[in-house]
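Let's work through a few exercises on reading a protein model. Try each task yourself before you look at the solution.

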Amino acid sequence: MSAAVISLNRHLRPDGPPATVEYRLNAPIRRCYNGALHGLSNQFLGGIFETLAGLGRKHMSSQKWIACIGVFLATGALLIAAFGPVNRDGDSGTDRASSPTPENTSPQPDASSNRDDDRTEAETLIVDEPAPAPEGMAWIPGGTFEMGNNDGPPDESPRHSVSLDGFWMDATEVTNAQFQQFVDATGYVTIAETTPKREDFIDQLPDVSVIPEENLVASSICFNKEFDREALRTDFALWPYQVWQAVKGASWRHPEGPDSSIEDRMDHPVVHVAWDDVMAYCKWVGKRLPTEAEWEYAARGGLIGKTYPWGDERNPDGKWLHNIWQGEFPFENKVLDGHEITSPVGSFSPNGYGLHDMSGNAWEWCLDFYRPDYYAKSPQRNPFGPKDSFDPQEPRMAKRVQRGGSFMCNANYCIGYRVAARMKGTPDSGAFHTGFRCVLTTGMRDAFDKAPARKVADTETSSAGS
Ligand SMILES: [Ca+2]
Ligand SMILES: [Ca+2]
């Protein structure tokens, strides 16, 4: 883990308030609005200091300038993490030279250890369901589909043919109730609940001694609904960073901070879970994260070449079929879909495979490393993701894929709720709108039956029967 928290100015405004807010510097970094991240990434290692120096010298003291650099980097990470791949200027840097995968993450799980039924090209695809689906899962029949989208952001292309063996997938995002069972059984503590150490940030800051001790606290990313509307500046590319903040004490148990609770949200998707956290859950429950190909294939629900899990029209007959943001972000969420934050899983109709919330509600982690150029190299059969990560927008950080958009996705800024839309985040970063769901392949079924979670279930069953 190498989460970074640093206390810096809340705003980029030269006359902004004093340092009060903590940001995880390595929260998921995403391609963002009009290539904002592209610009950020280009500057990240090279020109950013120069750029900010110009801004800073005009308006502020050296101390404030240093703080401003930090907040620029940090908030850039956060905001881009929250908004989908809307790279309207069409340059993702896909062709840029690669760099070695940073070492701040686990290696890509081996396909053979995660897909016991890894099958050769010569074998027939598994189409028919070989056994009854485990509770809460839906069978996704194997088949061939066109993955990606040639008309969207560059990392969604080229559209390419992918064949997958059938698998089971959780019909909903993993809920707070399910994650609670895992935590109760194992005592697992999520990254958001863990106090970061100064040395966690060595890869990200030239001098970790600048991090105030009081800011090395457990925290996670939330939307700041109380952002200063009068002071909000929208005349620079990264303006939305002003409405995000890391909140001390925010975690899956307290989605909006210490004063919030999941007591009445046990059927909502668990959020504030990092990739490393959800991998631990998967191991316990005997499943795994979907590959990006499995996720997109499942999200399409058997439809061909459609934008959403139900078709091409976002609001057929004026209805909202997913939990996203309506209205102009960040000023007004009209909540026309009935949900301002997460919604109970399954609140909206399932797609053709019986899967709910494959668009909206919470972002969902996938197994794969992120590379914008992977689609040009992907194997045709059961692709398991690239062997390493490269995000030209933040080359020093390994990223894992996220899919599906969230309740924060909106038409004026984020279109992450499309089935082809790609997102990515560092494996140690959670947020209040990021969750996951699991899959199970036919080859994993024996291991699933012996997984630790089954022992808990057996104990509960025998207790109930005695
Ligand atoms: Ca909503
Ligand atoms: Ca979702």
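**Exercise 1: Unusual backbone spots**

P158 sits in the loop between β4 (143-147) and β5 (160-164). Helices (H or I, at least four residues) and strands (E, at least two) are DSSP runs, numbered from the N terminus. This is a predicted model, in which local features need pLDDT of at least 70 and side-chain atom pairs count only at pLDDT 80 or more, while totals for chains, interfaces and linings use all residues. Residues are numbered from 1 along each chain as its sequence is written, and chains are lettered from A and ligands numbered from 1 in the order in which they are written.

Task: Find which peptide bond leading to P158 is cis, then look at P330, H272 and N361.

Solution:
- Step 1. The bond from S157 to P158 is cis, with omega near 0°.
- Step 2. The bond from F329 to P330 is also cis, with omega near 0°, and P330 belongs to the loop between α6 (292-300) and β9 (363-369).
- Step 3. H272 is not a glycine, yet its phi is positive, near 60°; look for H272 in the loop between β8 (244-248) and α5.
- Step 4. N361, another non-glycine residue, has a positive phi of about 65°, and its place is in the loop between α6 and β9.
- Step 5. A residue is buried if 20 or more other C-beta atoms lie within 10 Å of its own, exposed if 12 or fewer, and partly exposed in between, with C-beta atoms placed from the backbone. H272 has 27 such neighbours within 10 Å, so H272 is buried. N361 has 34 within 10 Å, so N361 is buried.

**Exercise 2: One face of a helix**

Task: Which residues of helix α4 (residues 176-186) are buried, and how are they arranged around the axis?

Solution:
- Step 1. The buried residues of α4 are N176, Q178, F179, F182 and V183.
- Step 2. Viewed down the axis of α4, these residues fall within an arc of 165°, so they line one face of the helix. The arc is that of the directions from the helix axis to the C-beta atoms.
- Step 3. A general rule helps here: an α-helix has 3.6 residues a turn, so residues three or four places apart point the same way.
- Step 4. Just after α4, G187 has a positive phi of about 75°.

**Exercise 3: Two helices meet**

Task: At roughly what angle do the axes of α4 and α5 cross, and which residues make the contact?

Solution:
- Step 1. The two axes come within 11 Å and cross at roughly 80°. Axes are lines fitted to C-alpha atoms, for helices over the stretch in contact, and angles run from 0 to 180 degrees between N-to-C directions.
- Step 2. Angles under 35 degrees count as roughly parallel, over 145 as roughly antiparallel, 65 to 115 as roughly perpendicular and the rest as oblique. Therefore α4 and α5 are roughly perpendicular to each other.
- Step 3. F179, F182 and T186 of α4 meet Y281, W284 and V285 of α5, where contact requires C-beta atoms, placed from the backbone, to lie within 7 Å.

**Exercise 4: The core**

Task: How many residues does the largest nonpolar core have, and which helix gives the most to it?

Solution:
- Step 1. A nonpolar core is a set of buried Ala, Val, Leu, Ile, Met, Phe, Trp, Tyr and Cys residues joined through C-beta atoms within 7 Å. The largest one has 81 residues.
- Step 2. Helix α5 (residues 275-285) gives the most, with 6 residues.

Note on methods:
Contact = placed C-beta atoms within 7 Å.
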